[in-house]
Amino acid sequence: MGSGIAQVSAAAGYETTVVEVNQKLVDRGLGMIAKNLGRLQEKGVLTAENRAAIDARIHPSTDLAALSGCDIVIEAIIENLAEKRVVYAKLDEIVQPKSIFCSNTSSLSITEMMTATKRTDRFFGMHFFNPVPVMKLVEVVRTIASDPTVYQSTVEFAASLGKTPAQTSDRGGFIVNRLLVPYMLDAIRAFEEGVGSITDIDNGMKLGCGHPMGPFTLLDFVGLDTTYYIAGIMFDEFREKRYAAPPLLKRLVMAGWFGRKSGRGFYDYADPAAPKPLDGLLR
Ligand code: CAA
């Protein structure tokens with residue numbers, strides 16, 4: 001998601017510093033941006049001149065110190081609270097005090113992250129959706145410690161990226177995952193109970209409700225490990241059954257079947273153009 005956020009920021013005209021933990025990951029992120037911009041150029045949406053200007057606004061680094069002068073820092077590291085707190089404590093020392101910090105977390109508590117810093121009044125969630133260059137929504141999450149003026153300017157920044165900001169407060173899953181996660185978990189329960197096949201449940205929501213992807217295609221796209229992890233955080237927060245991971249989801253994750261990225265989940269992606277549903281193995 002970091003590369004997508006960097007792409008939309010640079011495309012919106014902002015000088016964008018990107019920091020990764022090593023050069024290999026820097027190169028991978030830049031490669032993803034190059035692929036996306038190349039596609040836009042081929043389609044004639046982006047001129048060579050504009051593409052060169054976007055590329056020139058992206059400044060890669062492997063050193064957090066490169067972020068010292070940034071006005072806003074958007075963190076999209078691994079979804080692990082302890083690791084995020086370590087990074088934020090370091091950033092708080094490095095980055096100028098007036099700068100805003102935002103986390104792209106999908107479900108961790110912004111409040112628990114912000115207390116690793118001294119800038120609790122200018123610390124927000126800024127949750128993008130996959131694929132970042134395409135999905136129009138950004139959730140901008142305030143906490144009880146937020147400065148209302150700084151929060152509004154952060155909402156305006158999200159809008160300036162060409163996104164529609166949704167304003168929300170720091171509750172597990174914010175708006176979208178509060179609704180989306182129980183929906184995806186329910187699809188798995190429906191399959192477990194024999195309500196329908198993977199294909200029929202997917203088609204039900206795709207063709208019957210006009211969703212771009214059915215729930216199993218979406219689960220494999222988001223990542224089963226990611227969904228399992230988010231569900232766990234939301235279950236801890238609310239203690240409600242609708243956020244509890246169904247046994248089949250747990251088994252898939254334990255087996256390393258994470259969906260599209262690992263080649264197998266509810267579908268087999270040996271031929272990515274024609275994923276094969278795995279009903280037979282999963283029943
Ligand atoms: N990066 C950049 N652009 C991409 C892309 C990617 N990874 N994937 C597709 N696109 C672009 C394509 O270039 C294409 O652009 P044009 O319309 O300009 O030609 C456009 O998106 C549509 O792509 P396709 O025609 O290839 O395929 P599609 O019509 O099936 O759309 C999709 C693909 C946009 C992913 C669509 O299936 C979709 O919207 N799916 C639902 C995605 C979704 O729900 N995302 C949210 C997940 S939840 C989350 O992210 C948060 C969380 O916390 C879990």
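Before I start, one definition: two strands are taken to pair if DSSP finds at least two bridges between them. Please also keep in mind throughout that what we are looking at is a predicted model.

With that in hand, let me begin with strand E5, residues 123-127, and strand E6, residues 137-142, which run antiparallel and are joined by three bridges. One residue to pick out on E5 is Met126, whose bridge partner in E6 is Val140. On its other pairing, E6 meets strand E7, residues 164-169, in the parallel sense over six bridges, and there Glu139 has Ala166 of E7 as its bridge partner. To get from E6 to E7 the chain passes through helix H6, residues 148-160, and this β-α-β crossover is right-handed.

Now to the ligand, which is surrounded by 18 residues, with Arg39, Lys43, His127, Asn130 and Asn177 the closest. How do the residues of this shell divide by character? Eleven are nonpolar, five are polar and two are charged. Looking at individual contacts, a polar side-chain atom of Arg39 lies 2.9 Å from a nitrogen atom of the ligand, while an N or O atom in the side chain of Lys43 is 2.6 Å from a ligand oxygen atom. For Asn177, a polar side-chain atom is placed 3.0 Å from an oxygen atom of the ligand. On its own the ligand has 1,000 Å² of accessible area, and the protein covers 60% of that.

Finally, where does the shell come from? At least two of its residues are supplied by each of helix H2 (23-42), helix H7 (176-192) and helix H9 (215-222), and domain 1 (2-169) and domain 2 (178-282) each contribute at least three.

Note on methods. Residues are numbered from 1 along each chain as its sequence is written. This is a predicted model: local features need pLDDT of at least 70, side-chain atom pairs count only at pLDDT 80 or more; totals for chains, interfaces and linings use all residues. Side-chain values use heavy atoms; hydrogens and water are left out. Helices (H or I, at least four residues) and strands (E, at least two) are DSSP runs, numbered from the N terminus. A crossover is right-handed if, with the strands pointing away from the viewer, the path from the first strand over the helix to the second runs clockwise. A residue is near a molecule or strand if one of its heavy atoms lies within 4 Å of it. A polar contact is a pair of N or O atoms within 3.5 Å; within protein, one must be able to donate a hydrogen and the other to accept it, and residues adjacent in sequence count only if both atoms are side-chain atoms. Accessible areas come from the Shrake-Rupley method with a 1.4 Å probe; for residues, only the protein chains shown count as cover. Ala, Val, Leu, Ile, Met, Phe, Trp, Tyr, Cys and Pro count as nonpolar, Asp, Glu, Lys and Arg as charged, and the others, Gly among them, as polar. Domain bounds come from an automatic or database domain assignment.
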